[in-house]
Structure formats: C-alpha cells, structure tokens
Amino acid sequence: MGKIHYKELGLVNTREMFANAMKGQYAIPAYNFNNLEQLQAIVLGCIESKSPFILQVSSGARKYANPILLRHLALGAVEMIKSANSPVRFALHLDHGDTPALAANCIDSGFSSVMIDGSHHPYEENIRITREVVEYAHKNDVSVEGELGVLAGIEDDVVAAKSIYTQPEQVEDFVKRTGVDSLAISIGTSPGACKFKPSQCTRDERGVLVPPPLRFDILEEIERRIPGFPIVLHGASSVIPQYVEMINKFGGNIEDAVGIPVEQLRRAARSAVCKVNIDSDGRLAVTATIRKVLFETPAEFDPRKYLGPAREELKKVVIQKNMDVLGSAGKA
Ligand code: G3H
Ligand code: 13P
C-alpha cells in the first residue's frame with residue numbers, strides 16, 4: 001500500500017479540536033468502528049448534531065476492515081460530509097497502538113492521530129516507545145496520545161490496588177519527556193460492558209449495581225500538575241441499561257453489566273478531559289436491535305432489514321452522547 005498523508009484525505013489532527021474542547025469545557029467523542037453501518041451511523045449522527053469527532057480503529061478493527069479499504073472508507077466519509085455541506089471535521093485515530101511500527105504504518109496510511117499504549121510496560125520503556133512514536137508522528141503533523149496507568153477495572157482488586165490508577169506525580173515528567181499531545185489516564189474506567197465485578201459495587205433499592213465512583217481527586221491533581229493539557233478517558237461507555245435489557249429479553253445473556261454513570265461522564269467532559277472513548281454502548285445498541293428484529297421476524301434474511309435498524313439505533317446513541325453527555329453538539 002502506497003504512503004498517503006492524512007491531509008490528502010481531508011482529515012484533521014486533534015490539536016485544534018482539543019484546544020476548542022478545553023476552552024469550551026466539553027469533550028470530543030471518539031467512536032470505535034469496524035464496519036460500514038457503524039461508520040454511516042457515526043458520520044450521520046455527528047453531521048446531524050454538528051459535532052466534531054474522532055473515528056477510532058483498534059488494531060483488531062483494522063485487520064477486520066482491511067487497512068486499504070479503511071483508508072477509502074475514511075475518504076468516503078469526508079466526501080459524504082462535504083456533500084452534506086456540513087462543517088464537521090474528524091480525525092482518524094489508532095486506538096491502543098501497541099508498537100511504534102504499527103503507529104508508523106497507520107501514519108503512512110493516512111491516520112491523523114495515533115495512540116501508543118505503553119502503559120503495560122515499565123515506566124522508562126513506556127517513555128522510550130512513546131517518544132519514538134512522537135518523533136515520527138510530529139514530523140508528519142500527526143497527534144499522539146500516550147497512556148499512564150492501567151485500565152484494569154474488572155480485576156478483583158481494582159478498588160484497592162492504587163498502583164493501577166495513574167500516579168499524578170509521574171504526569172509532568174511523562175508529558176515533558178515524551179512530547180505527547182494528550183494523555184490517557186486511569187481513574188476507574190475500563191473497557192467493555194461489565195466494568196466492575198458485583199463485589200466491587202453496591203446495589204440501589206431496586207437491586208441495580210452501582211459502581212464505585214471515578215477518582216476525580218486523581219483527575220484534579222493531574223489537572224493541577226499539567227494545567228490545560230488534554231486528558232483522555234478510555235472505557236467511558238455508560239452501558240445503557242435499555243440495550244442490555246433488550247439483549248437479554250431477545251435471547252442474549254449479558255450478566256452483571258455495569259458502566260460509568262452519565263453524571264460522572266458529564267462532569268469529566270467539563271474538566272480537562274477532551275476525548276472520551278465510546279465503543280461498548282454502540283455495540284450494545286447494534287446487537288440489541290439486531291436481536292429484536294430477528295426475534296420478531298424470524299423469516300427475515302435480508303441483512304439490510306436488521307443492519308438498517310441497528311444503524312439507525314446507533315445514530316441515535318451518537319446524537320444523544322454528543323448532545324447530553326459530552327456537550328460536543330453544535331461545536332463543529
Ligand atoms: O478498548 C478497546 C476497544 O473497545 C476496541 O476493541 O480491540 O475489540 O476492537 P477491539
Ligand atoms: P467502552 O468499552 O467503555 O466503550 O470503551 C472503549 C474504549 O475505551 C476504546 O478505547
């Protein structure tokens with residue numbers, strides 16, 4: 001595959017988006033995608049709510065969608081936005097890049113932003129690989145997200161084990177020595193639909209699991225140490241109960257699903273958190289809708305008849321997140 005620069009595709013990096021989000025006290029949504037229907041829903045939802053956005057791709061998603069096709073899908077999304085006369089702009093971002101080689105490969109194939117997740121490595125090694133990615137990325141005007149602290153929310157001892165949260169005393173040194181443009185931190189979120197074990201939660205009067213609150217004290221200390229620096233929150237789906245119920249009602253079985261309460265996400269979006277990652281809520285909306293359609297119309301076998309409604313439901317989730325949770329609606 002030949003090299004291409006993201007500007008040739010009509011994409012933007014995250015610099016201006018984050019500066020505006022910081023000033024305006026909102027957060028940019030970063031939606032994961034793997035296929036055509038998810039892409040359509042994200043793009044149309046962001047056009048309709050006039051929200052800047054980040055389209056993010058994990059290494060698994062890149063393999064699934066095919067790297068060559070992905071470049072053309074991004075270009076197609078740019079053209080679709082233009083033809084709608086919309087001011088919306090987006091960044092194409094590598095989510096959880098694990099090696100400098102993968103990050104470089106994405107940069108060479110048109111990504112405008114990359115994450116290098118060295119958080120599982122010892123601190124000095126995290127700095128070394130992050131610095132290596134920054135050097136190549138900045139030559140190409142590509143933004144880089146690094147990570148400090150491990151998102152291990154579903155491990156038994158997450159609440160007790162302080163070491164997995166980001167240690168605020170490391171952030172200034174990390175940001176200075178790596179040159180990253182944004183920093184993913186760990187304050188109690190984690191990826192997936194079952195973010196905490198029931199033993200880590202309390203229950204409300206209806207028996208619904210209530211997760212331990214996010215560590216806003218850590219976030220505030222980080223903000224104090226690196227004022228005005230863009231912070232990223234991974235694992236930030238609220239795990240919308242309506243979709244979990246639909247999945248379970250129509251033949252699925254997701255037990256003990258629990259996400260981050262919307263109020264806490266709103267609070268984070270008003271802080272230095274400039275990017276909020278959302279994958280699971282979209283997956284739940286799509287799966288719940290497909291299950292419902294197939295359950296109610298068992299003779300249906302035209303994929304458009306279940307993928308279409310699933311796409312529509314995901315678009316609703318995107319609009320609702322942009323408007324009511326992140327505050328990015330109308331900021332394009
Ligand atoms: O944090 C992980 C994202 O939700 C992407 O998940 O690796 O299954 O594509 P994936
Ligand atoms: P959720 O699983 O909470 O949607 O988080 C996704 C994520 O952080 C992708 O990097």
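**A tour of two ligands and a cavity**

In this predicted model, begin by selecting ligand 2 together with Gly192: an oxygen atom of the ligand is 2.8 Å from a polar backbone atom of that residue. Next, add Lys195, where an N or O atom of the side chain is 2.5 Å from an oxygen atom of ligand 2. Then add Asp95, which has a polar side-chain atom 2.7 Å from an oxygen atom of ligand 2.

With these contacts on display, a surface may be drawn around the ligand. On its own, ligand 2 has 300 Å² of accessible area, and the protein covers 96% of this. Now show the elements β3 (90–97) and β10 (273–278), which are those giving two or more residues to the shell around ligand 2.

The selection may then be widened to the whole shell. Ligand 2 is surrounded by 16 residues, of which Lys195, Gly235, Ser237, Asp279 and Ser280 are the closest. Coloured by class, the shell shows 10 polar, three charged and three nonpolar residues.

Asp279 leads to the second stop, since the residues that surround ligand 1 also include Asp279. Select ligand 1 and display its full surroundings: Asn32, Ser58, Asp95, His96, Pro191, Asp279 and Arg283. This shell consists of three charged, three polar and one nonpolar residue.

Which side chains place a polar atom 2.6 Å from an oxygen atom of ligand 1? One is that of Ser58, and another is that of Asp279, through an N or O atom. Turning to Arg283, the viewer will find an N or O atom of the side chain 3.1 Å from an oxygen atom of ligand 1. Of the 310 Å² of accessible area that ligand 1 has on its own, the protein covers 63%.

Keep Asn32, Asp279 and Arg283 selected for the last stop, as these residues are among those lining the largest cavity. How many cavities of 30 Å³ or more does the structure hold? There is one, and the volume of the largest cavity is about 70 Å³.

To complete its lining, add Tyr31, Gln38, Ile42, Ile278, Gly282, Leu314 and Val318. Four elements may be shown as ribbons here: β1 (28–32), α3 (36–48), α12 (280–296) and α13 (303–326) are those that give two or more residues to this lining. By class, five of the lining residues are nonpolar, three are polar and two are charged.

Conventions. Residues numbered from 1 in each chain as written. Chains lettered and ligands numbered in written order. Predicted model: local features only at pLDDT ≥ 70, side-chain atom pairs only at ≥ 80, totals over all residues. Heavy atoms only, no water. 1 Å grid on protein atoms, 1.4 Å probe; cavity = no way out; pocket = protein on both sides within 12 Å on 5 of 7 lines; lining within 4 Å. Points joined across faces, edges and corners; volume = space filled by probe spheres on them. Nonpolar A, V, L, I, M, F, W, Y, C, P; charged D, E, K, R; others polar. Near = heavy atom within 4 Å. Polar contact = N/O pair within 3.5 Å; in protein donor to acceptor, adjacent residues only side chain to side chain. Areas by Shrake-Rupley, 256 points an atom, 1.4 Å probe, with all protein chains shown as cover.
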